[in-house]
Amino acid sequence: MKPAPFSYYRTRSVPETVARLAELGDGAKILAGGQSLVPMMNFRLARPDALVDVTRIPGLEYLRAGPDGLRIGALTRHRTVELCRDPVVLDGFGLLPRAARWIGHYPIRARGTFGGSIAHADPAAEWCLLAVLLEANVVLAGPAGARTVPVSDFFEGFYTTTAEPDEMITELHFPRAARHAALTEFAQRQGDFAVVAAAVSVDLGVAGPPRPGAACRSVRVVLGGVGPLPFVVDTGALGGQPAAAATWRAAGELAAAQIDPPADGHGGPAYRRRLAATLVERALTEAAAAP
Amino acid sequence: MTTGTSIPRGAIGASMARKEDPRLLRGRGRFGGDFARPGQLWARLVRSPVAHGRLRSIGTDDAARADGVVTVVTAASLPPGLAIPVRLQVQDADLRDYLQPVLAADTVRYVGEPVAVVVAGDPYAAEDAAELVDLDIDEAPAVLDAAAAAGPDAPRLFPGGNVAADFTLGYGDVAGAFARADRIVEIAVEIGRHGAVPLEPRALLADPDPATGRLSIFGMTKVPVFNRDLLATLLGMDETLIHVHAVDAGGGFGARGEFYPEDFLVPWLARTLRRPVMWVEDRGEHLVAVNHSRQQVHQIAAAFDTSGRILGLRDDVVHDNGAYCRTHGIIVPELTVAMLPGPYRVPAYRGRVRVVLTSKTPCGTYRAPGRFEGSTAREQLLDVAAHQLKISRNEIRSRNLLRADELPCQRSMSTLGTDVVLDAGDYPALLAAAQAEADRLGYPDEVERGRRAGRLRGLGVAAFLEKSGLGPQETADVVVSRTGAVHVFSGGTSLGQGIETVLAQIAADALGADPDQVSVVNGDTDRQPFGGGSWASRSTVVAGSAVHAAAGAVRDRAAEIAARMLEADPGDLVSEHGRISVRGDPGAAVTLAEVARATAPASPYLRPGEPAGLSARRRFEVAHMTYPYGVHLAVVDVDPGTGGVQVLRYLVAYEVGRAVNPALVAGQLRGGAAQGIGGALLEEFCYDENGQPQSATFMDYRMPTAAEVPPIDVLITQDSPAPGNPLGVRGAGEGGVSAAGAVLASAVRDALGLAGSVGRLPLTPARVQELATNGGGR
Ligand SMILES: Cc1cc2nc3c(=O)[nH]c(=O)nc-3n(C[C@H](O)[C@H](O)[C@H](O)COP(=O)(O)OP(=O)(O)OC[C@H]3O[C@@H](n4cnc5c(N)ncnc54)[C@H](O)[C@@H]3O)c2cc1C
């Protein structure tokens, strides 16, 4: 459990990083919080010949809410998101700080970065699910300058994205707020990656918990842990349904019916389907009750 | 051996802070991996990547040429036919054909089996070069299901087949009991493969001294004297030329410190290369290399009369031992069937066990070996029987527990080479005390409250019998130096359990000294060449009794010398707090330091022919084990939507005979319960259909963390001092884990309102979810 040999570089700016990556070629990798990359290197599942450490680049750790939504710098630590109490962020994006506590353990949250999580593209990662749920954009810097990619065009499969080897993620942009939203998940131990995670939002048209007889305009459900990508459930059938327990239960069954999850050490496909149904129902119940 | 000096009762029974803590809490402990020697080399094992196959060739040229590499060794370079012998021979089993070679020569039988070693100047270079060793293996089918592997048509791991042993223990007319039973209850219970997994992996440093031919070893912690002697035999050396040093260890739990292939390889390499050689196991290796444990299938049945009394008990166990028989031989399966009747009145019993070899990591003991497994099967059986007999789970237990007046109870069986004689105790009283404590702590209320709130909440109960204090002997030396410091050289080893503190307390009381004056060295083969090691909950009992005797002898000798110094009668002396004074005249006193100096070679107080020094060596012998017992109770919530099980409350009630240090007993029980929660709910070594390990990281091998373990309540009773040793102590190492599988199975079964058994541990969410769906609700 010692990494194969590699060389190490530290950069101080985004252009320097991009230039360095271009110079080093395909064998180089960005090192951010190291919470995914370093374990993989120790298992020799990843064997980069060079690491470009970006953690000393100034100015990439922020959460900024404004009229065009929320912008999160790539080097923002999970823990910084978790502790964010900025009322402008909380109003509309309170889901992110609430969801952060599901990520690993405290030391991992203190080191791991938002951009690293998106770049790593684990289909059960909380930030990846929320990026899909909230239809975020990924801002990348490359030799040809910056470009913005909607997440729907970014994640390709297990741990793979459409980013080029010489590109660096600099920012995540969440254009739309979601008041009635929640993420919930199940793992046997606190801090483990979710066996199944459900990220949901409900558009009730108004703030506050649903009034009796209120209907949902639309429902979004994204599942993690059920395939190679965050899975977007087709929830068309739920539009206009009452914002009530029966609908949330139906949404769970709808989700369970649409997925084709893998079998692994946690259980077979049937177990994951049950789990998805349970978690979607619970997440929607929580989302609808959000202030 | 007692003189007129009084024996103050002070240290024993006090919850003293651990003597180990100052160094361990300040980071001054020294673990195997902390040692380093100038010019030291690093070893890296090359392990089989396949579960079963014929080793056609091993290409070592590229690795040998790699940067920094000193040598690459395969079986061909070693003395031929090297296999690791069984340390504990029982039931006359002949296991010679199933022993693990140091390095596989022609067949590999599990993923992780050592096939070569690379030695290099640093651990990185060694690991890089190990990847270059080219293994050509002709793969054969993996043998994974033990029950199938026992059958005639299974692929064979060994020419003699896959069943290493098949034996039956028992007594009485079992067939007759079942024939006249009013009710027969039978269930199948499977225990998942898991293991000790101490948080510090293994580490070993061997340092040869070219001048003297001596070999210093750091990192053998458990049975250092046995390992030294075995190593000496294998290397053809005089055993006193090998010095195993005492080091700290981050947990043992049965797995650490047995003689593994690395325990031969590292010293052999050091001798051959004439350089210090270090090997530090990493976590990935540890999870496939170190002994696994527990994997068994029980087909268990009991015959009852109309009032729910057991007439007979039988069990048919298939024990999956992995690829080889290692140092533990067949003691885990033996203990399983020998201890299976537990604390109950079982007039007729038969336990059969087949020890089956499979293409997995070989197995050994893990804290409460055989009892965790057997108690789970037996207690589930009693729960199911209570349901069928329409009596409560407590009732069926209190009707069948042996009463105090039925002890001692000899069962016509042997285990670990000793007869099974349940020594003393009051099992029903402890069950009642545990219930009362749980009531007082509000367990039943909590269950009611949860159920009223619509939760699937269950209460589990399990009674168990432990064993401890395995002899047959243990030796201790006690030496008082010129400063009055008392040095204990014991045959135990420090594995994190606090044995230094416990032995210091025992020595202090027996000697009339303060525990602060006492320092304890465990596991140094030069200082204590006759030690039996720390395992089987034996050290407080047997090492403690040896220390008690040796310290008592020193007290007597000190009194003799002091009498000469004070011109008093030894019978008039009082030994307390390191001072020996004349009774009724506290001014007439000498300190232990003064007495020790008065035994210096030129001292006028020494008589002709008397040896110099204030010291004694004593040996404690014991033919039988002592059998502690206990009860576990637990409250759990089952989430039917996820299958998750949350342990809300947990109580261990345990009869320890006499608690030398109650805080340490509680610590042992709590730590054991935490491990038991892991084994019952979380931990399992899984394999895919090709025999590839699926639990090879701490992400997949799920040990409980602080978040999964509730505060553990303990009730320590000292109502039944062990009759077989002078201190009355019973071991405390394993009672916390023994019934954890049983009690959590019982609690989950209760939460789900199952009529039958939970069937299998660990109770993973997927399994519990299935039980919740198909097993029917409350
Ligand atoms: C025990 C444990 C439990 C965990 N549990 C969870 C969990 O429950 N949920 C969860 O989401 N995560 C979990 N993680 C992973 C953690 O969140 C990581 O921090 C995260 O996945 C990666 O972020 P990082 O900054 O550590 O990236 P690194 O590990 O440094 O890098 C990961 C990958 O992303 C690339 N990369 C990093 N930054 C950039 C960038 N700015 N632009 C382009 N590429 C980049 C790297 O080259 C590498 O390929 C866990 C980790 C551990 C060790």
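This passage describes two contacts in a predicted model: one between two domains of chain A, and one between chain B and chain A.

The domain assignment divides chain A into three parts. Domain 1 covers residues 7–53, domain 2 covers 63–174 and domain 3 covers 181–289. The centres of domain 1 of chain A and domain 2 of chain A, taken over C-alpha atoms, lie 19 Å apart. Twelve residues from domain 1 of chain A and 15 residues from domain 2 of chain A make up the contact.

About 1,000 Å² is buried between domain 1 of chain A and domain 2 of chain A. Carbon and sulfur atoms give 77% of this area. On the side of domain 1 of chain A, three residues lose the most area to domain 2 of chain A: A:Val14, A:Val18 and A:Gln35. Together they account for 41% of what that side buries. Between these two domains of chain A, the count of salt bridges is zero. The count of residue pairs in polar contact, with both residues at pLDDT 80 or more, is also zero. Helix H1 of chain A, residues 14–24, supplies the largest share of the domain 1 side, with five residues. By class, that side holds seven nonpolar residues, four polar residues and one charged residue.

The second contact joins the two chains. Here 29 residues of chain B are in contact with 21 residues of chain A. The area buried between chain B and chain A is about 2,100 Å². Carbon and sulfur atoms give 55% of that area. In chain B, the residues that lose the most area to chain A are B:Glu127, B:Thr642 and B:Arg702. Their combined share is 24% of what the chain B side buries.

Charged and polar pairs are counted across this interface. Five salt bridges are found between chain B and chain A. In a salt bridge between B:Glu131 and A:Arg44, the closest N and O atoms are 2.9 Å apart. There are 14 residue pairs in polar contact between the chains, both residues being at pLDDT 80 or more.

Several helices of chain B contribute to the side that touches chain A. Helix H3 (123–130), helix H8 (283–289), helix H17 (662–682) and helix H19 (765–774) of chain B each supply at least two residues. H3(B) gives the largest share, four residues. The chain B side comprises twelve nonpolar, eight polar and nine charged residues.

How values were computed. Residues are numbered from 1 along each chain as its sequence is written. Chains are lettered from A and ligands numbered from 1 in the order in which they are written. This is a predicted model: local features need pLDDT of at least 70, side-chain atom pairs count only at pLDDT 80 or more; totals for chains, interfaces and linings use all residues. Side-chain values use heavy atoms; hydrogens and water are left out. Domain bounds come from an automatic or database domain assignment. Contact means heavy atoms within 4.5 Å. Buried area is the accessible area (1.4 Å probe) that two parts lose on being put together, summed over both. A salt bridge is a side-chain nitrogen of Lys or Arg within 4 Å of a carboxyl oxygen of Asp or Glu. A polar contact is a pair of N or O atoms within 3.5 Å; within protein, one must be able to donate a hydrogen and the other to accept it, and residues adjacent in sequence count only if both atoms are side-chain atoms. Ala, Val, Leu, Ile, Met, Phe, Trp, Tyr, Cys and Pro count as nonpolar, Asp, Glu, Lys and Arg as charged, and the others, Gly among them, as polar.
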